[in-house]
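Let's take a walk through this protein together, starting with the overall fold and ending at the ligand. Keep the viewer open as you read.

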Amino acid sequence: MKIESRTSGDDKELSIKILRQAVPKMTALDIAVTPVNYAVWYEYCLGTNPLLKLEIDKLLSSGTSFTSSTNDRLFKEFLAEPGDAEKLCSVQSETQSLISGLINKIRQISQGTADFSDVLSSYSDQLQDNPTEATLAELIEGLGSELTQVMQKNKGMAASLSQMDKEVNELRNEMESLQNEVMTDPLTTLFNRRAFDHQMQQVFNGATEGDKSFSMMVVDIDFFKKVNDTYGHQTGDKVIAYVGRLLKKGVRSSDFVARYGGEEFVIILPDTDFNIAMTVAEGVRAVINEKKLSIGAENRQSLGRISVSVGVSSFCTDDSIDDCMARADEALYQAKSSGRNCVKGIEKQPSEVKPKDNRRAEPA
Ligand SMILES: Nc1nc2c(ncn2[C@@H]2O[C@H](COP(=O)(O)OP(=O)(O)OP(=O)(O)O)[C@@H](O)[C@H]2O)c(=O)[nH]1
């Protein structure tokens, strides 16, 4: 469930790297390679879902077997949103038959190789027994026909393996597009809340481990209910999509823009300090408020200007994800209370950073 870039070469390389780790683990634990199970173990090997990792490590150390219901539970508890499981199941049977076909082919190849190796050993034994010319001729004849058989078998195997390789690629593309679907908000085509939660965790891990910083914005369209009530829900949807486009355009391509829900958006700005984030937020707010919008035939009906309120916060040492988001939310609340169409930020001062207290509490 890689999110950062959906189709880059890096993504593919990482996917293959994880595949090489996940499949042998699953095979060792006797877990069927279905999309649902694979999603769980992919995420486990990727290591970006700490709760899932903790749970699986716990199960592994207790020697619990990974039955299909255990895998289903892990998927539902740590990865899925309602509806995901059904979508993934649509490719499940296809994957199962493909994987079992592949395993059969590999078994046949190993069996064929083992058989041929036995034949070679028996020929080698006969050679040790001072064979007569007639026996030698027989051996050569036999070996020739064994070789022809092996070559024919291998030709057939190569053809069916290449067909399977094609099918595996198709299935992988299908799963990739399903993955994108699960992470995308259909109205704006931005990332959705689920993708945001995932990305936030990754950026947060990077910041706590690598001494990096990041900022975030929460953007909310002002008086949006009035837009819906006056012009209808469909126009409201168009306004949401329009604001989404301007947000995406207004930040760097490395920033992460998602629709959090309703008329609210969230943006993660990696490697960005508080002051820069405030400047970017102000720029985005101004651009959204710049133009008067119009709708209807020949755009005759004016909607006036749309405005947004923005709350900004930056990651600070000792922050949890919730702390950082709570400050952005609080800042948004302040922006709304100050009349809307403005940006507010809450910066955690260094003095507010709690020193780590390693002392035990004094007994009363
Ligand atoms: N068209 C449309 N409307 C939505 C969607 N999601 C939420 N809404 C509406 O957005 C409106 C949000 O209204 P409020 O939460 O009262 O906020 P507001 O009117 O923007 O007021 P402030 O945020 O205080 O400026 C509600 O009427 C929701 O029904 C959506 O996907 N499409």
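The paragraphs below go from the whole chain to two helical stretches and then to the ligand.

Please bear in mind that this is a predicted model. The protein has 364 residues, and 26% of them count as buried. Its secondary structure comes to 12 helices and 7 strands. If you look at contacts between residues at least 6 apart in sequence, 65% of them join residues at least 24 apart.

Next, turn to the helices. Helix 3 covers residues 50-62, which makes 13 residues. From its first C-alpha to its last, helix 3 reaches 18 Å, close to the 18 Å expected at 1.5 Å a residue. Just after helix 3 you will find Gly 63, with a positive phi near 75 degrees. Further along the chain, an unreviewed UniProt entry lists residues 154-181 as "coiled-coil region". In the model, this span is 100% helix and 0% strand, and its end C-alpha atoms lie 40 Å apart.

Now for the ligand: which parts of the chain each supply at least two residues of the shell around it? They are strand 1 (214-221), helix 9 (224-231) and helix 10 (233-250). Helix 10 gives the largest share, with 4 residues. The shell around the ligand holds 15 residues, and those that come nearest are Asp 222, Phe 224, Lys 225, Gly 236 and Gly 262. By chemical character, the shell divides into 7 charged, 4 polar and 4 nonpolar residues.

Definitions and conventions:
Residues are numbered from 1 along each chain as its sequence is written. This is a predicted model: local features need pLDDT of at least 70, side-chain atom pairs count only at pLDDT 80 or more; totals for chains, interfaces and linings use all residues. A residue is near a molecule or strand if its C-beta atom, placed from the backbone, lies within 6 Å of it. Ala, Val, Leu, Ile, Met, Phe, Trp, Tyr, Cys and Pro count as nonpolar, Asp, Glu, Lys and Arg as charged, and the others, Gly among them, as polar. A residue is buried if 20 or more other C-beta atoms lie within 10 Å of its own, exposed if 12 or fewer, and partly exposed in between; C-beta atoms are placed from the backbone. Two residues are in contact if their C-beta atoms, placed from the backbone, lie within 7 Å. UniProt positions are given in the numbering used here, feature names are shortened, and annotations may be inferred rather than shown by experiment. The expected span of a helix is 1.5 Å times one less than its number of residues.
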